[in-house]
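Here are some short exercises to work through with the model open beside you. Try each task before you read its solution.

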Amino acid sequence: MTTFEGTFTQDLSALRFAVVIGRFNDLVTEKLLSGCKDCLKRHGINVNPDSTQVDYIWVPGSFEISLVARQLALSHRYNAIICLGAVIRGHTPHFDYVAAEVAKGIAAVGFQTGIPVIFGVLTTDTMQQALERAGIKSNLGWNYALNALEMASLMEKIHQQVRSSTYQGNNPSKLPVSSHSRPMISESFSEISEQLE
């Protein structure tokens, strides 16, 4: 029996990440982004804006995150995509619709593409609860980045096993992964957008 686990100790220089951030409730999402960047940086990822390791994409709100995440995942240029947003309950049912659709949309992106997509969208009753999760008590942005690192590592190990099994003539279909290939191209998001148009 083989056990697969993601680690944080391998060479991370070849990994690429996209971070999709909802601008709505940016008081919260900017803090989540800060925690996310801190975690990636402390694990050896170059988070500078001119870096080829991380692309940052801002969208109007949480509802738009899944569409952009899907386009990014379909490019197969990223080892993981981190989705950051904040949906805060108000006095209408709007919260329920948005929170449910965002969760379903982000989950669907991972299922459809085989790329790890991290759900980093806070769904809270109050702004105070959101701020507590974005830095007052702890910053969940750190956790979301850590999840992305672990999943990127885990998927690399699974893909290596699939490639190894294929070369040895074994049947890799027993492993629960997609068989897509992910060329690691060092293009910026603007170059990717131009190619998609």
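**Exercise 1. Place phenylalanine 4 in the chain and find out how far its C-alpha atom is from that of lysine 157.**

Start with the sequence position: phenylalanine 4 belongs to the segment before S1. Helices (H or I, at least four residues) and strands (E, at least two) are DSSP runs, numbered from the N terminus. Next, check exposure: with a relative accessible area of 26%, phenylalanine 4 is partly exposed. Buried means under 20% relative accessible area, exposed over 50%, and partly exposed in between (1.4 Å probe, protein chains only). Finally, take the distance: 153 residues separate phenylalanine 4 and lysine 157 along the chain, yet their C-alpha atoms are 7.1 Å apart.

A word on the ground rules. This is a predicted model, in which local features need pLDDT of at least 70, side-chain atom pairs count only at pLDDT 80 or more, and totals for chains, interfaces and linings use all residues. Residues are numbered from 1 along each chain as its sequence is written, and side-chain values use heavy atoms, with hydrogens and water left out.

**Exercise 2. Write down the order of helices and strands in the chain.**

Count first: the chain has six helices and four strands. Then read from the N terminus, and the order is β-α-β-α-β-α-β-α-α-α. For burial, 44% of the 197 residues count as buried. For contacts (heavy atoms within 4.5 Å), take those between residues at least 6 apart in sequence: 78% of them join residues at least 24 apart.

**Exercise 3. Which residues of helix H2 are buried, and why do they lie on the same side?**

List them first: in H2 (residues 65-74), the buried residues are Ile65, Ser66, Ala69, Leu72 and Ala73. They lie on the same side of H2 because they cover an arc of only 125 degrees around the axis. That arc is taken from the directions from the helix axis to the C-beta atoms. The general rule helps here: an α-helix has 3.6 residues a turn, so residues three or four places apart point the same way.

**Exercise 4. Examine the positive phi values of asparagine 25 and histidine 76.**

Recall the background: most residues other than glycine have a negative phi. Asparagine 25 has a phi near 60 degrees and sits in the loop between strand S1 (17-22) and helix H1 (26-42). Its relative accessibility is 17%, so asparagine 25 counts as buried. Beyond its neighbours within four places in sequence, asparagine 25 contacts Ala86, Val87, Ile88 and Met127.

Now turn to histidine 76, whose phi is near 55 degrees. Histidine 76 is found in the loop between H2 and S3, and at 18% relative accessibility it counts as buried.

**Exercise 5. Describe the lining of the largest pocket.**

Begin with the residues: 15 line the pocket, and Phe24, Ala86, Val87, His94 and Val98 lie nearest its centre. Next come the elements: strand S3 (80-88) and helix H3 (94-113) each supply at least two lining residues.

Methods
1 Å grid on protein atoms, 1.4 Å probe; cavity = no way out; pocket = protein on both sides within 12 Å on 5 of 7 lines; lining within 4 Å. Nonpolar A, V, L, I, M, F, W, Y, C, P; charged D, E, K, R; others polar.
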